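Subject: Handing over the two-chain model

Dear colleague,

I am passing the structure below on to you, and I would be glad if you could keep it open while you read. My notes come after it.

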Amino acid sequence: MLEIAVKGNRNYWMWIIFLLIVIGIGKIAYLDQFFNGLMITGMSRDVSWGFYIANFTFLVGVAAGGVMVVIPYYLHDYEKFHRITILGEFLAVASLVMCLLFIIVDLGQPVRMLNVLLYPSPKSMLFYDMLVLNGYLFLNIVIGWKVLEAERNQVKPPAWTKPLIYLSIPFAIGIHTVTAYLYCGLPGRGFWLTAILAPRFLASAFAAGPAFLIILCYIIRKFTKFDPGWEAMQTLSKIVCYAVIANLFFFLCEVFVVYYSGIPGHKTHLQYLLFGYHGYNALVPWMWSGFILMAVGAVFLVIPKLRTNYILLPVACAMVFIGAWIDKGLGMISGGFVPSPLHHVTEYAPTGQEIVITLGVYATGFLVLTILYKLATQVKEEVGG
Amino acid sequence: MMEKSRRCFLKVAGIAAIGLGAAPAMNFAASDSHGSAAAEKAKSPDALHAERWGMAIIVKKLNDKIAKQITHACHTQHNVPDFTHEVDTQAFPNTRAVNHKQEIKWIWKEKFHYAFPDKEDEFLNEKFHHLPFMVTCNHCKNAPCVQACPTQATFKREDGIVVMDYHRCIGCRFCMAACPYGSRSFNFRDPRPFIAETDPDFPTRSKGVVEKCNLCAERLAKGEQPHCVEASEGAIVVGDLEDPESDVRKLLKEHYSIRRKQSLGTEPSVYYIV
């Protein structure tokens, strides 16, 4: 099936070459980090995780969001999703590739990475995160590939894929739950120490993942002859709508608890993000833009007339996607570290080189995504959807 | 767990060595690198023991000069880099500019409201504003960093000291997120250009690993008191928390003491007598 990926038109190759260039530049930037250490990042003693882990967390969500097409199709026989299920699964694969790369570029000693397997530590949440992330990646590759291959040969997918598909559902929930547990089980970090963190992560994941999938459907419609189906996109947009509303609701619950109880150890972080703390307010405009984007996106999606508007729908989805990225990417990680456990304020901003490496990882993910989507759309075109 | 597996390994290795009659060969190989490995493995008869090591800091005996002495003694003898140190450009050419926010510290002074942010008080006794509170790793009974570490590079010894294996650490910094006391530092860069004089008795670290206070485990093993205790002019006492007759326990019996963020349940082993 892979031979499909090496046959493409000019646009396809231009895009691939563009991605390869970005990957190359990212790689050079990474080599410098590899030899000189994470000193090239904006991270510090007080803010010891930054842009890499933030993007990792966000993309775990995008990966988990794929399950929002799997559940309706496989559990509820929602036929309209037949065409896009594979897109959800392959989006999960590409996102997980990026997640794992972000973890690797964040390590101080990446060559010792396999120590996690050599000395398995079941008390550490990272151990479980490694298990579920790799498990979910493996499941999606196998399922996506086998189902697509069967479709190409116009036969039924092998029966053994069914249990794997069912297994992938708890895994999808699992990757984001365990990723939230990385943060919310730490006693000294008031911002993360909240039981709503995992549900909130899931809500924003189920908003950001399908929102991105809708945008991808637009791109597919524009560049291929395969039509994912307007009705499927409409159903997806309803999922995005309810998920982003749930995310905002969970956030407001958090705001209420934090401000009404007024416990300083919990309040200072939110105060820093939303209003600034002791004159430090680098993230304030970001956070407000993030929430406004999500809120406006939700309004667009909840009103049927706007949701069904062909031009407005991708705009609303982009708003939700970017809003969720700011909320979970920028705010969630920095917010936990500022102020520090000793209530010192050290602000964080990624360096240029850190951003270049990040873009390199994203380009790698998009390369995987492009190739997988090329396969999927071509096969679908061949068999006529 | 770490200790156990090491012991198991030694046992198995020992039996194997006897069985094969390879002991002399092994000793020979060992002596080739760093003197006699056998002698290093054996515990010194002078070694200090405790069921659970702990520390008491008598805050009123501290002043800025002593605080400086303590940090200096600990940092120089543990090869902790000092980013204000002028780099020898001949030995380390192309050393890049320093980001002081990426500093490394094991024990340092903080103001009261930073050391005890949950005990901040509008009407705090005046003298507390000026006293230097030395903060370091608390060697918690329930250490969140030990729990978080995905490779057991940070582990708890049977005597309560939380130590690190710098060669196993993958630099994920989960322990730094887990520590409620900000006691851990990460080597964002190679620390060696910033060590004025390398102490050959303690390893230097490489870039990409986390480090922190080890309660001078290497000195306790030789029957010596930790560097901070020696430099503190009586302000820091280290001893066995489980022994009612120990100096630490006697101090705690007689004086009111506080610990950092007690409400979190990590059970710090560092007590502040105020």
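What follows is an account of what was found, going from the meeting of the chains to helix pairs and then to single residues.

Please bear in mind throughout that this is a predicted model.

I begin with the place where chain A and chain B meet. There, 33 residues of chain A are in contact with 43 residues of chain B. On the chain A side of this meeting, the elements that contribute two or more residues are α5 (115-118) and α6 (125-152) of chain A. Sorted by class, the side of chain A that touches chain B holds 13 nonpolar, 15 polar and 5 charged residues.

As for chain B itself, it contains 10 helices and 10 strands, and buried residues make up 42% of its 274 residues. If one takes the contacts in chain B that have a separation of 6 or more, 68% of them are between residues 24 or more positions apart. One residue of chain B deserves a separate mention, namely B:C216, which sits in the loop between β7 (210-211) and α8 (217-220) of chain B. Its phi is near 50°, a positive value in a residue other than glycine. B:C216 counts as buried because 23 other C-beta atoms lie within 10 Å, where 20 or more are needed.

Turning to chain A, I would look next at helix α4 (residues 85-106) and helix α14 (residues 352-382), whose axes come within 9 Å and cross at roughly 155°. Since that angle is over 145 degrees, α4(A) is roughly antiparallel to α14(A), and the crossing of the two is right-handed. Among the residues of α4(A) that make the contact are A:F90, A:L91, A:M98 and A:F102, while α14(A) contributes residues including A:V361, A:Y362, A:L369 and A:Y373. By class, this contact has 19 nonpolar, 3 polar and no charged residues.

Helix α4(A) can also be described by its own length and its surroundings. At 1.5 Å a residue, its 22 residues should span 32 Å, and its end C-alpha atoms are 32 Å apart, which agrees. The helix is mostly covered, in that 20 of its 22 residues are buried.

In the loop between α3 (67-76) and α4 of chain A one finds A:I84, which counts as buried because it has 26 C-beta neighbours inside 10 Å. Leaving aside neighbours within four places in sequence, A:I84 is in contact with A:V69, A:L213, A:C217, A:P228 and A:A232. A:I84 and A:A376 are 292 residues apart in sequence, yet their C-alpha atoms are 9.5 Å apart in space; A:A376 is one of the residues through which α14(A) makes its contact with α4(A).

A second helix pair in chain A has another arrangement. Helix α2 (residues 51-65) and helix α8 (residues 197-223) of chain A pack at an angle of about 70°, with their axes 7 Å apart, and the two are therefore roughly perpendicular to each other. The crossing of α2(A) and α8(A) is right-handed. The contact is made by A:G61, A:V62, A:A64 and A:G65 of α2(A), together with residues of α8(A) that include A:F201, A:A205, A:G209 and A:F212. By class, the contact of α2(A) with α8(A) has 9 nonpolar, 4 polar and no charged residues.

Finally, there are three places in chain A that you may wish to look up one by one.

- A:Y12 lies in helix α1 (residues 10-36) of chain A and counts as partly exposed, with 15 C-beta neighbours inside 10 Å. The C-alpha atoms of A:Y12 and A:K374 are separated by 9.1 Å, although these residues are 362 residues apart along the chain.
- A:P339 is placed in the loop between α13 (312-337) and α14 of chain A, and the peptide bond that leads to it from A:V338 is cis, with omega near -10°.
- A:H278 lies in the loop between α10 (264-274) and α11 (284-302) of chain A, and its phi is near 50°, a positive value in a residue other than glycine. With 12 other C-beta atoms within 10 Å, A:H278 is exposed.

With kind regards

Note on methods. Residues numbered from 1 in each chain as written. Chains lettered and ligands numbered in written order. Predicted model: local features only at pLDDT ≥ 70, side-chain atom pairs only at ≥ 80, totals over all residues. Contact = placed C-beta atoms within 7 Å. Helix = DSSP H or I, 4+ residues; strand = E, 2+ residues; numbered from the N terminus. Nonpolar A, V, L, I, M, F, W, Y, C, P; charged D, E, K, R; others polar. Axes fitted to C-alpha atoms, helices over the stretch in contact; angles between N-to-C directions. Parallel < 35°, antiparallel > 145°, perpendicular 65-115°, else oblique. Left-handed = near helix turned anticlockwise from the far one by under 90°. Expected span 1.5 Å × (residues − 1).
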